[in-house]
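Grab a pencil and work through these short exercises with the model open beside you. Each one gives a task, then a solution in steps.

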Amino acid sequence: MSKKPLNIGLVGYGFMGRTHTNGYKRVADFFPDLSYTPVLKAVCGRSEEKTKAFAEQWGYESYETDWEKLIARDDIDAIDVCTPNDTHSPISIAAAKAGKMILCEKPVSRTTAEGEEMVDAVEKAGVPNTVWYNYRRLPAVSLAKQIIDSGKLGTIYHYRANFLQDWTINAELPQGGAGLWRLDAAAAGSGVTGDLLAHCIDTAIWLNGGISDVSAMTETFVKERMHQLTGKMEKVNIDDACAFMCHFANGSLGLFESTRYARGHKALYTLEINGADASLRWDLHDLNRLEMYDHADDGPQRGWKSIHVTDGDHPYMSHWWVPGLSIGYEHSFVHQVADFLKSLEEGKPCEPTFKSALETAKVCDAVLESGKTRQWINV
């Protein structure tokens, strides 16, 4: 089958740049029926030395040190935004005006207002766009979506999720600059709310529908840190921890928690959803397994069961190995690339689009506002 090239211009060469690039490199091997194939045309970064090294290691044909020059190139079809959050908006808006497709790392924006400008830009330009909320594409989470949509759980009563880390438990850790921009509110927008809870919120909205209001508490445990760019001690304005309650539009209750101060946890992301007839739960540390309790089971055999999500009839798994053999975190990005390319074939949106991801941004803003005011905030 003749393939249509999709020339990728990647902005950013860090951790997320590697995960996205790996997705582009592997998708044709495991999704051979797609009519589009990514071409690693150019990567862009501020350091010429590091950008050139990344291009050589990962197989990009060329590199740039100015994202505006990258966007202006006629040989670039799609811009992949893997930069700190404060540049998502200007890069995406410029790319949309240039008629480029856009794949933007999450969160779509630092604020709802920024996100609205981005949505307006891509809709006016009519360019395909998506946001990399990759956890939707893990087969066990996708299977949970299928089970929930089937009505198997009955009326939903509860949804709870947490995302726990411990990497900032060090008062001497600086903020800002390369590698630590997530601790600088000017670059990140917020702390764990936009970085970690955004993942939980996106998955929750996808699985359980919209969130109508929130009541949150936030905390910054280390109030001042040295800023790498200024060399001065400066106030820390990001949230180190956040917990919030919410009401979903379907009447169910939500409970969310995230922190970077949970000693012993590197990336503990769990979710559970309870319905009248059945419940589901999932843990990123055992990402190929979905647990389910079905009250319809016979009494003596009723209990939590474990579904090893590796069979060919499970989401995405027919493209990988034989049943029983697992896949990993990196495969979720391959799946998102495959879904984006398929959406181009079909002329359909690749969810979450900028517009869909804006719903998560609205919830994050409401959570942060509630944390400040200690009041219930409507989304």
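**Exercise 1: the sheet and its edges**

The model here is predicted, and it has an open sheet of nine strands, in the order E16-E15-E14-E13-E7-E12-E11-E8-E17, with mixed pairing. Task: work out which strands stand at the edges of the sheet.

Solution. Start with the ends of the order: these are E16 and E17. Now count partners: E16 (304-308) and E17 (377-378) each have a single partner strand, so each has one side left without a neighbour in the sheet. Those two are your edge strands.

**Exercise 2: two hairpins in a row**

Task: follow the chain from E13 through E14 to E15, and say how each pair runs and how many residues lie between the strands.

Solution. Take E13 and E14 to begin with: they run antiparallel and are joined by five bridges. Want a pair to click on? Thr270 sits opposite Asp283 in E14. Two residues lie between these strands, and the pair forms a hairpin.

Next, E14 and E15: again the sense is antiparallel, over five bridges. Here Ala278 faces Asp294 in E15. This hairpin has five residues between its strands.

**Exercise 3: E8, E11 and the helices**

Task: find how E8 pairs with E11, then see which helices lie across parts of the sheet.

Solution. E8 (residues 211-219) and E11 (residues 241-248) run antiparallel, with eight bridges joining them. As a marker, use Thr218, whose bridge partner in E11 is Cys242.

Helix H10 (residues 354-373) lies across E8, E11 and E17, at about 50 degrees to E8. Over E13, E14, E15 and E16 you'll find helix H6 (residues 139-149), running at about 25 degrees to E15.

**Exercise 4: the cavity**

Task: say how many cavities of 30 Å³ or more there are, and what lines the largest cavity.

Solution. A search of the whole structure turns up one. The largest cavity holds about 60 Å³ of space. Its lining includes Asn85, Arg110, Ser190 and Asp365. Sort the lining residues by type and you get five nonpolar, four polar and two charged. H10 supplies the largest share, four residues.

**Exercise 5: a salt bridge inside a helix**

Task: decide how far apart Lys124 and Asp120 are along helix H5, and whether their side chains meet, given a cut-off of 4 Å.

Solution. They're four residues apart in H5 (residues 112-125), which means about one helical turn separates them. Their side chains meet in a salt bridge at 3.3 Å, N to O, inside the 4 Å limit. By this rule the count comes to 21 salt bridges.

Notes. Residues numbered from 1 in each chain as written. Predicted model: local features only at pLDDT ≥ 70, side-chain atom pairs only at ≥ 80, totals over all residues. Heavy atoms only, no water. Pairing = 2+ DSSP bridges. Contact = heavy atoms within 4.5 Å. Axes fitted to C-alpha atoms, helices over the stretch in contact; angles between N-to-C directions. 1 Å grid on protein atoms, 1.4 Å probe; cavity = no way out; pocket = protein on both sides within 12 Å on 5 of 7 lines; lining within 4 Å. Points joined across faces, edges and corners; volume = space filled by probe spheres on them. Nonpolar A, V, L, I, M, F, W, Y, C, P; charged D, E, K, R; others polar.
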